[in-house]
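Student: I have a model open on my screen and would like to go through it with you. Could we take it piece by piece?

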Amino acid sequence: MAKRNERYGMKKKALKRVAKRSIGGSKTFAYRKERTSAAVCNNCGRELHGMPRFTSTKYVRLAKSEKRPNRKFGGYYCANCTREIFRNTARNV
Ligand SMILES: [Zn+2]
């Protein structure tokens, strides 16, 4: 009976494939866990609060209200920048 590769559990679609070259020169793939960065404000670059830090596969399973703050510009601009936008639009009216 063929021996099952002990790294077999690492070989799944949930992990990211990274091309590697083995010592013998042949091309192999290393399986790495997908890393996520925090969502940042599009104006000032500050980290956004209330945003999940999941991988893409876990993110799609969330409800819409769990993905970003439920307000105007929620998930795009931080609270300070949103406040500034509201003020500027009110001043220009
Ligand atoms: Zn901002």
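Student: Let me start with one residue: where does R35 lie?

Tutor: This is a predicted model, and in it R35 lies in the loop that runs between β2 (27-32) and α1.

Student: And is R35 buried or exposed?

Tutor: R35 counts as exposed, because it has 8 C-beta neighbours inside 10 Å. To place R35 against another residue, its C-alpha atom and that of G50, 15 residues apart along the chain, are separated by 19 Å.

Student: Stepping back, what does the secondary structure of the protein chain come to?

Tutor: There are three helices and two strands, and read from the N terminus on, the elements follow the order β-β-α-α-α. The protein chain is more spread out than a compact globule, because its radius of gyration is 21 Å, well over the 12 Å that the globule rule gives for 93 residues.

Student: What box do the C-alpha atoms fill?

Tutor: Taken along the principal axes, the box is roughly 75 × 30 × 15 Å. Buried residues make up 1% of the 93 residues, and, among contacts between residues at least 6 apart in sequence, 25% join residues at least 24 apart.

Student: Ok, the strands next. How many bridges join β1 to β2?

Tutor: Six bridges join β1 to β2, and the two strands run antiparallel. As one pairing to look for on your screen, R17 has Y31 in β2 as its bridge partner. The hairpin of β1 and β2 has five residues between the strands, and in this hairpin G25 takes a positive phi near 105°.

Student: How many of the six residues of strand β1 are buried?

Tutor: The number buried in β1 (residues 16-21) is zero, so the strand lies largely in the open.

Student: What about A30, which residues is it in contact with once its neighbours within four places in sequence are left aside?

Tutor: A30, whose place is in strand β2, is in contact with V18 and K20 when those neighbours are left aside. A30 is partly exposed, with 13 other C-beta atoms within 10 Å, and residues with 12 or fewer would count as exposed. For a longer view along the sequence, A30 and L62 are 32 residues apart, and their C-alpha atoms are 29 Å apart in space.

Student: Switching to the helices, which element has the highest mean pLDDT, and which the lowest?

Tutor: Helix α3 (residues 79-92) has the highest mean pLDDT, at 95, whereas helix α1 (residues 56-59) has the lowest, at 80. For the protein chain, the mean pLDDT is 87, and 91% of the residues reach 70 or more. As a caution for any model of this kind, where pLDDT is low the predicted coordinates should not be read in detail.

Student: How far does α3 reach from its first C-alpha to its last?

Tutor: With its 14 residues, α3 reaches 20 Å, which is close to the 20 Å expected at 1.5 Å a residue. The number of buried residues in α3 is zero, so the helix lies largely in the open.

Student: One last thing, F73: where is it found?

Tutor: F73 is found in the loop between α2 (64-67) and α3. F73 has a positive phi of about 60° although it is not a glycine, and with 17 other C-beta atoms within 10 Å it is partly exposed.

Conventions. Residues are numbered from 1 along each chain as its sequence is written. This is a predicted model: local features need pLDDT of at least 70, side-chain atom pairs count only at pLDDT 80 or more; totals for chains, interfaces and linings use all residues. pLDDT is the predictor's confidence in each residue, from 0 to 100. Helices (H or I, at least four residues) and strands (E, at least two) are DSSP runs, numbered from the N terminus. The expected span of a helix is 1.5 Å times one less than its number of residues. A residue is buried if 20 or more other C-beta atoms lie within 10 Å of its own, exposed if 12 or fewer, and partly exposed in between; C-beta atoms are placed from the backbone. The radius of gyration is taken over C-alpha atoms; the globule rule is 2.2 Å times the number of residues to the power 0.38. Two residues are in contact if their C-beta atoms, placed from the backbone, lie within 7 Å. Two strands pair if DSSP finds at least two bridges between them.
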